[in-house]
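Colleague: Got a minute to go through this one with me? Let's pull it up and start with the ligand.

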Amino acid sequence: MQRVIFLKIFDCGGIIKLLEKELLAFDAQSVKYCVPSSKFSTYGGGGSLSISVYAKSASDLLKIAPIAKNLDYPFIVVGACSNILIDDGGFVGLTIMTRTFTGVTVSGSTISANAGERLTKICNVAAHAGLSGLESLYGIPATIGGAVATNAGAFGTEISELIEIVEVLDIKTNKLCKIMGGEIPFKYRNVDRIFENKIILSVVLKLKPGSKDVIDRRIKAVMEMRANSQPQAPSLGCVFKKINGVSAGYYIEKAGLKGATIGNAQISRIHANFIINKGGGNANDYIQLLNLAQNTVYRKFGIMLQKEILIIGEGHNHNCWNYL
Ligand SMILES: Cc1cc2nc3c(=O)[nH]c(=O)nc-3n(C[C@H](O)[C@H](O)[C@H](O)COP(=O)(O)OP(=O)(O)OC[C@H]3O[C@@H](n4cnc5c(N)ncnc54)[C@H](O)[C@@H]3O)c2cc1C
């Protein structure tokens, strides 16, 4: 009954009506309508998602894949939403949420995790099992699926170095397949679109046995480095990619933009490559600051900063699938 009322109130361009029957295959708690970014994004601001389906299992994802494939709207997979900004106009399309598809197991020196498992939880499980390799990635607020799709990295380690197997669901064929880590064309914060139209279901990481004390000490050191060099306020992490190994923050700071504020968003005074939400910040505030940083750095240094974050929503849907 409650669902029927939602369907009537929030008819985002017809998509909700269009998917009304298909989505009955999911329980009511797994399907959400018009959820604002403040509820699920680490930036804590931006537009709403018209329909999001929270997958809890591989079979949920197998059910959602054909729906996404046949849809005349864009769709996207979202993990922890720690790297995606949703435009204030909202995203009219289907969002496949994986954060509820959790689970992690250890076998010898390998760890297998479902796509929605948090990277930090996996790091903790590895540390507890005396497995080393993930310590530098501790504190990245990602799901493992999102971390693999973006080739997350920190303090000299990239997740790509640790991947043995990635299991994916190909939305075009609705088939499951396993890709060996060595076959994936990983680059810096980039996977060359290999996961386009694919949902990462699970990941097997190959780690090395190590002393628990040493692992714990490394994790503590990494957390201290993060706490000392990054803002605690809501953000999407680094806005721009490094340029020839140099943080974009170096140029943004040199351009005098630390602390620049538009609306309720600010270029962090602690780390100039972070845009923080001071409370009530929206996507437009964020995008204006991003443009300010990009234009100013280009004018002053002739360097065009490349976005590390992804923007979706009206005018940005080229970043989604079914829209290529
Ligand atoms: C405070 C803070 C610190 C950060 N520090 C770092 C850092 O040190 N290093 C770093 O690399 N990043 C960092 N980030 C950025 C971010 O956490 C990473 O980019 C992370 O890997 C994104 O994971 P996610 O689960 O949030 O993915 P999302 O933001 O939800 O999605 C990112 C991309 O991955 C795709 N995707 C997500 N899940 C899947 C899936 N299951 N199958 C297919 N595609 C999928 C999405 O479609 C999207 O294209 C930081 C962010 C914050 C807020």
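Colleague: By class, how many nonpolar, polar and charged residues does the shell around the ligand have?

Modeller: Keep in mind that this is a predicted model. The shell has 19 nonpolar and 12 polar residues, and no charged ones.

Colleague: OK, and which residues come nearest to the ligand?

Modeller: Out of 31 around the ligand, the nearest are Gly79, Ala142, Gly145, Gly146 and Gly237.

Colleague: Which element gives the largest share of that shell?

Modeller: Helix 5, with five residues. Helix 5 covers 144-150, and strand 3, strand 9 (153-154) and strand 13 (198-206) also supply at least two shell residues each.

Colleague: What about domains, which ones does the shell draw on?

Modeller: Domain 1 (2-100 + 314-319) and domain 2 (104-215) each contribute at least three residues.

Colleague: Switching topic: strand 5, why is it largely enclosed by the rest of the structure?

Modeller: Strand 5 spans residues 91-97, and seven of its seven residues are buried, so the rest of the structure largely encloses it.

Colleague: Which way does strand 2 run against strand 5, parallel or antiparallel?

Modeller: Parallel, with five bridges joining strand 2 (residues 48-54) to strand 5. Leu49, for example, sits opposite Phe91 of strand 5.

Colleague: And how many bridges does strand 3 make with strand 5?

Modeller: Four, and that pairing is parallel too, with strand 3 being residues 75-78. Val78 has Met97 in strand 5 as its bridge partner. Strand 3 is also one of the elements that supply at least two residues to the ligand shell.

Methods
Residues numbered from 1 in each chain as written. Predicted model: local features only at pLDDT ≥ 70, side-chain atom pairs only at ≥ 80, totals over all residues. Buried ≥ 20, exposed ≤ 12 C-beta atoms within 10 Å, placed from the backbone. Pairing = 2+ DSSP bridges. Near = placed C-beta within 6 Å. Nonpolar A, V, L, I, M, F, W, Y, C, P; charged D, E, K, R; others polar. Domains from an automatic or database assignment.
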